Amino acid sequence: MAKPTPDATRPDPDALLAGLAQGGRGHLKIFLGAAPGVGKTWEMLTAAHAKRQRGLDVVAGIIETHGRAGTQDAVGELETLPRIPVPYRGQTLEEFDLDAALKRRPALLLVDELAHTNAPGQRHAKRWQDVQELLEAGIDVWTTINVQHLESLNDQVARITGVRVAETVPDTVLDMADEIELIDLPPAELRARLKEGHIYRADVATRALDGFFREGNLGALREIALRRTAQRIDKDVTRYMRSSAIPGPWPVAEKILALIGPDDAAANVVRHAARLAEALRAPLTSFHIERTDDNAKVQAALDLTIQLSGTVITQSAPDMVRAVLDYAAAHNITHIVVGRAPTGGKFGRWFGRRFSEALTRQALAYTLHFVPLPAAAPARSRAVAPPRDWAPYLLASTLLGLITVTGTFLRGVLPQEAMALIFTGLIAAMASRAGRSPGLFTAITGFLLWNFFFLPPYYTLSVADPRDLVALLVFLMVGLLTGTLAGRVRQEAATAAARVEALRRISLFGQRLSRAATLSDVLAAAAEETCNISGAGILLLLHNSTLTPEAARPESTMLDDAAMAAAEWCLAHDTETGTGTGTLPSVPWRFFPLRSQGIVTGVLGAATTTAMPAPVLQTLITLADQTALALERARLTMQTARAVAHEDSQKLRNALLSSLSHDLRTPLTGIRGAAETLAASGDALDAATRADLLASITQDTTRMGKFLANITDMARVESGAIEVKRERLSLASVAEAAIARVPGALYTGLNLAPDATHVRADPALLEQILVNLLDNAVKYSPPGSRIAISSRRAGGDAAISIADEGVGIPGADLTAVFDSFFRARSVDRVTPGTGLGLAIAKAFTEAMDGRITALSPRLDLPADGLPGTIITVELPAA
Amino acid sequence: MISGRILVVDDEPQIHRFLTPALTAAGYSPLRAERGEEALRIAASQAPDLILLDLGLPDMDGHEVLRRLREFSTIPVIILSARDREAEKIAALDNGADDYVEKPFALGELMARIRTALRRQGANDPPAASLEVGGVNITPQNASRNGEALPLTKREHALLLLLARNRGRVLTHRQILTALWGPAHTEDVAYLRVYIGQLRRHLGEETAKLIVTEPGVGYRLTDD
C-alpha cells in the first residue's frame, strides 16, 4: 500500500497500471438488484435498445424472461443468439452459446443472470466465467445479478432471509465491472408488483410474499445492495484519488488471518474474513493446521479463499494456538477471524471452546472476530461422521472377559485393589492403542465388571463406598486422558508420517527424474512415478505447436474431446481445470499446468471423478512443478547437445574445407610451378628435367581429375541422384577390371569361395567400390607388399574382402574411416588422396543394400610386421 | 647478392620436382627435406641461407619445426602452405617466420620474396643510420622529404621506422603492437589501423602505397 512519502503527489504506478491493464478488455457493466423482480433485465434491455438506436451493434446473448411478459416485450427487435440444447438427466436444458457469441463478436453483448450455473459439460461451470472469457476477447458485456448471489454476502443474506442460494459469484467479478448500476425499487413497490403477478404466477407469488419477499427481508436486502454499491463507488474514488496522486489518508496496512478447521464454520469464516478484507482493503490469508480428520469442508474453505483472492497457508503443528500466534506475529497480522466453538460433538465442543478461549487469552495484540455457525450445521456434521471401527471394542470386550474370568478364580488370592489395577492397566492399554472411545468403553465396562465381580457384595452393582466412586473416576480419567493423549500423539504421528512419506516419495521422484537424461525418459519417469504416488491415471501433455499427449500411465490412457479442451484451457490460462475446479468440472480429469520460468510448457492430467483431497492435490502440484523443472533441464541438455553437435559439424566443415583446399591447391601448385619453371628458365634446363616437369604437370592434372570425379560421385550419392541396377555379376570379372585400374601393387590373386562367386549388384558401382578399396590399400601399404582379394558366403550374402599389409587403422577410427574427408593422420600431411575413397565405397555399398566394415590389425599376419587392414563388403549373393 | 643454399621442406614430391630446377636455374643450390626431423638436421648441419617450409609435414607440424629451428638459428624462413587461414599465417609469422607464400604461388613472386629475405639477412646487423623509402629519408630521430621534416608524431615515426627496418617483410599486428606499445596492447588492432591511416596521410599518396595491408595478418613495407 502506498505510503504518503514526500513525493507521494506523483501518481501511484500500480493504480495507473491497473487502469491500463483494462485496455484490451471488453467493458463490463453490471445491473445489480436487491431481489428478483426489481426489473434488472428490463432495465438492461431498455438501455440496450437506446444504444442500438444510436447505431451500436447490440446482441442479446441470453435473456431469462422467466415467462414475464414485460421482459419478453422488452427484448423486442434485438438480435438474439440461439441457445444450445444440452441433454441433462433425461431433460434438455437450453444454455448460452459462448462460442457463437465469440464468433458473432458484437460490440455489446447482453448476458442475463450472471450467477447462473451452466449445465454439466459446458466449457465453464459458471456463467460468470463465460463472461470473463467474453471480456478477455474484447467484447463489451452487460449483465445482471442479485446481491444475494455474491459469495461474501451469501451467509449474511441467508441469515436474513432464511433462504440460501446455491449459485454464487466471487466478489472479484463485481470488481471486474467497469460500471455498476443499482436497480432500486422500494420494497413496497416490489411487493405490489409481485401481487399484481408481474413477477411470479399468482400461486407462487402468494407464497413468496410471506417468504422471501417479506417487507423486512426486502428492506435488508436493499440495504445490502446499496451498501455494496456504495463500497464499490468508494473503491473507485479511492483508485481515482490514488492514480491522480491526491494525498491520503490511506488506511494503514491491515492483514486478515482466517483460521480454518474441520468444522462447519470454515466457509463462513472465510466469507466473513473476505468481507472484512474487502472493507479494510487488506490482504486475506487462510490458515489451516493439518490434522488427520481434515475433511471436505476444510478443502472447500481453502478453495473459497483462493476464489476470493486470498492466500492459503497450511502447517503441521501440535500446538495450534502457538502456531497461529507465531504466524500472526511473523506476518504482521492485525485481525484474526475464527469460527465459534464447534458443536459437532461433546468433546469437540469442549476442545473447540478451549481453543477459542486460549486464543482469546493469548492473542492480545489482535482484533479477534468470532464467526457464528450456520444454522443447519450440526445435523450435517453428524451425517459426515466416519463409520465406527468395531474391532477395538471387540478386542476390549474379549480382554475384559478374560481378565474377569481369570480374576474370578483368583478372587481369594488377589485383593480387589489388585484387580482394580489390572483393569486400570487394560484401560490405559486400550486407550493408548485404540483411542479415546474404546478407552472410555473399556473404562466403563471395566468398572461395571469390577464392581459386579470383585467388589463386595459380589454379583451386585452397588456403589456402597465413596472409595468406589473414586475408582470409577480413576477408571474414567485413565481412559479419557490416555485416550486423548494417545490419540493426539497418534494423530500427529500419522500426520508427520504422511508428510514424511509424501516428502520421501517426492524426493525419490526428484532423484528418479534427475537420472532421466532425455526428454522422453523424463516424461516416462514422471508419468510412472506420479501414477504410483497419486494412484491416479496420469497423462502428460506437452505444448510444441499443439498440445499433444507425450506419456501416459496406464499406457492406454486417452483424452476425449472435452478433456482435451480442459487440458488446453489449463495450458492457455495457466490455471487448474477439470474436476473440482470452476472450469469444465464435469471432465473426469484434473489438469495442472507445468510451468517453467513463468511459461506453461505442458499439462499434467490426473484421472479423477471426485474432488481430490488437499494432501493429494498438494502432492500433485509439487510433482507437476518437479516435472516441469526436469523437463526444462532435459530441454536445456538437448539444446546443449545440439549446440555441441552444431559445433562438431562446424569443425567438420572446416576440416572439409581445408581438406578440399589442400587437395586442389597441391596439384595446382605443382602444375603452375612446373609450367612457370619451364617458361622462365626452360632454356637453362636439360632435356630430362624438362621432360620430368612436363610429366609432373600431367600427373597433377590426373590427380585433380580423379579428385573432382570423386567429389562428383559423392555429390551424386548425397543428393540421391544415383540409379542402382541389380544384376547378377561375376566377382572374378569385376575384380579383374578393378585390379587393372589400380596398378602398383602385388596382388596375390582372387580367392573366391565356390558358393560366393556371384553377387547381385550394379556393375559400375561395384567396380568403383573395389577400385577405391584397392587404391586405399595401395596408398597405405609399403611398396611391394601384398594385397589379397577373397570372398566367402555369409548367410544370404557374399562377403568380399580386400586385405593389405599396410599401416593399419587404429581401433578408434575403424568406423570413422568411412566418413567423408576422414584421413588417417590429419588434414594435409598425407600421401596424396582425397579422403573420399572409403566414403564413396560405403555410400555405394549402402545404395546396393550392402554393408562395409573394416578390421585392423589383421590377425593372420606375423606380429612383427605392419598390422594390415581387411575391408569387407557384404552384398546379396547370386 | 644472388647465391646461397636454400632448403626446401615439403613432403609433396611434386613441389621438389619443379622447385629444384627452378631454384638451380636462378643460381641457388637447393637442398631437399621431406620431414620435419630431416629439415632440422639439415638446418643444423649444413646451415642453409634460407628455408622454404611447408606447414603440413608427415612427422611434425610446420609450426613445431619453426619453433625448434628458432632455438638455434635466425636464418630466414618463408612458409609455403596450402593452409590459407589468417590464423595460420599469423601464428607462423609470430613464431619467427619471415614471410608467407600461399600455394599455389607464382614462381616470380616466390623468387622476389627469397631475394628480399636474403638481402635483409645480408644487411642484418649494423642498423643503417638512415633509410630511404619512396623519397622519404628516415633516421632514428626524424623523417624528411627533400630535407623538409614530415610532421610525424613520435608514435607515427616509430611505426614508420619499424616498417622500414623490416622492409619487404610482413609484420603481424601483434609484432607491431608489441614493439610500439608493449605486450599489454597486443589486441588493440583498431588502434594500429588509426596510426597506419595517419601515417599514410603524412607520407603522401605515392609513398603511402608502399605500406601494404596484409588482410587479417598485418602490414608490409614493400621493396619497390
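The following paragraphs describe a parallel sheet and a helix of chain A, several backbone features of chain A, and chain B with its contact to chain A in a predicted model.

In chain A, six strands are arranged as an open sheet with parallel pairing, and their order across the sheet is β3-β2-β6-β7-β1-β8. The edges are formed by β3 (residues 79-80) and β8 (residues 179-183) of chain A, each of which pairs on one side only. Helix α2 of chain A, spanning residues 40-53, packs on this sheet and touches β1 (28-33), β2 (58-62), β6, β7 and β8 of chain A, with a direction that makes about 160° with that of β7(A). Within the sheet, strand β6 (residues 108-111) and strand β7 (residues 140-146) of chain A run parallel and are joined by four bridges; across this pairing, A:Leu109 stands opposite A:Val141 in β7(A). Helix α5 of chain A, made up of residues 127-136, lies across β1, β6 and β7 of chain A, and its direction is likewise at about 160° to β7(A).

The loop between β6 and α5 of chain A contains A:Glu113, whose phi is near 55°, a positive value in a residue other than glycine. A:Glu113 counts as buried because 21 C-beta neighbours lie inside 10 Å, the cut-off for this class being 20 or more. A positive phi, of about 60°, is also found at A:Asp849, which is not a glycine, and this residue is placed in the loop between α26 (residues 837-847) and β24 of chain A. In contrast to the buried A:Glu113, A:Asp849 is partly exposed, since 14 other C-beta atoms lie within 10 Å.

Cis peptide bonds precede two prolines described here, A:Pro554 and A:Pro857. The bond that joins A:Arg553 and A:Pro554 has an omega of about -10°, and A:Pro554 is located in the loop that lies between β15 (residues 547-553) and α21 (residues 561-573) of chain A. For the bond from A:Ser856 to A:Pro857, omega is near 0°, and A:Pro857 belongs to the loop between β24 (residues 851-855) and β25 (residues 869-876) of chain A.

Elsewhere in chain A, helix α18 comprises the 19 residues 436-454 and reaches 25 Å from its first C-alpha to its last, which is close to the 27 Å expected at 1.5 Å a residue. Its buried residues include the aromatic side chains of A:Phe441, A:Phe447, A:Trp450 and A:Phe454, together with A:Pro438, A:Gly439, A:Leu440, A:Thr442, A:Ala443, A:Thr445, A:Gly446 and A:Asn451. Among the elements of chain A that cover these buried residues are α16 (391-409), α17 (416-434) and α19 (466-515).

Chain B contains nine helices and twelve strands, and 37% of its 224 residues count as buried. Of the contacts in chain B with a separation of 6 or more, 58% are accounted for by residues 24 or more positions apart. The contact between the two chains takes 21 residues from chain B and 25 residues from chain A. On the side of chain B that touches chain A, the largest share, eight residues, is supplied by helix α1 (residues 13-25) of chain B. By class, this side of chain B is made up of 13 nonpolar, six charged and two polar residues.

Definitions and conventions. Residues numbered from 1 in each chain as written. Chains lettered and ligands numbered in written order. Predicted model: local features only at pLDDT ≥ 70, side-chain atom pairs only at ≥ 80, totals over all residues. Helix = DSSP H or I, 4+ residues; strand = E, 2+ residues; numbered from the N terminus. Expected span 1.5 Å × (residues − 1). Buried ≥ 20, exposed ≤ 12 C-beta atoms within 10 Å, placed from the backbone. Contact = placed C-beta atoms within 7 Å. Nonpolar A, V, L, I, M, F, W, Y, C, P; charged D, E, K, R; others polar. Pairing = 2+ DSSP bridges. Axes fitted to C-alpha atoms, helices over the stretch in contact; angles between N-to-C directions.
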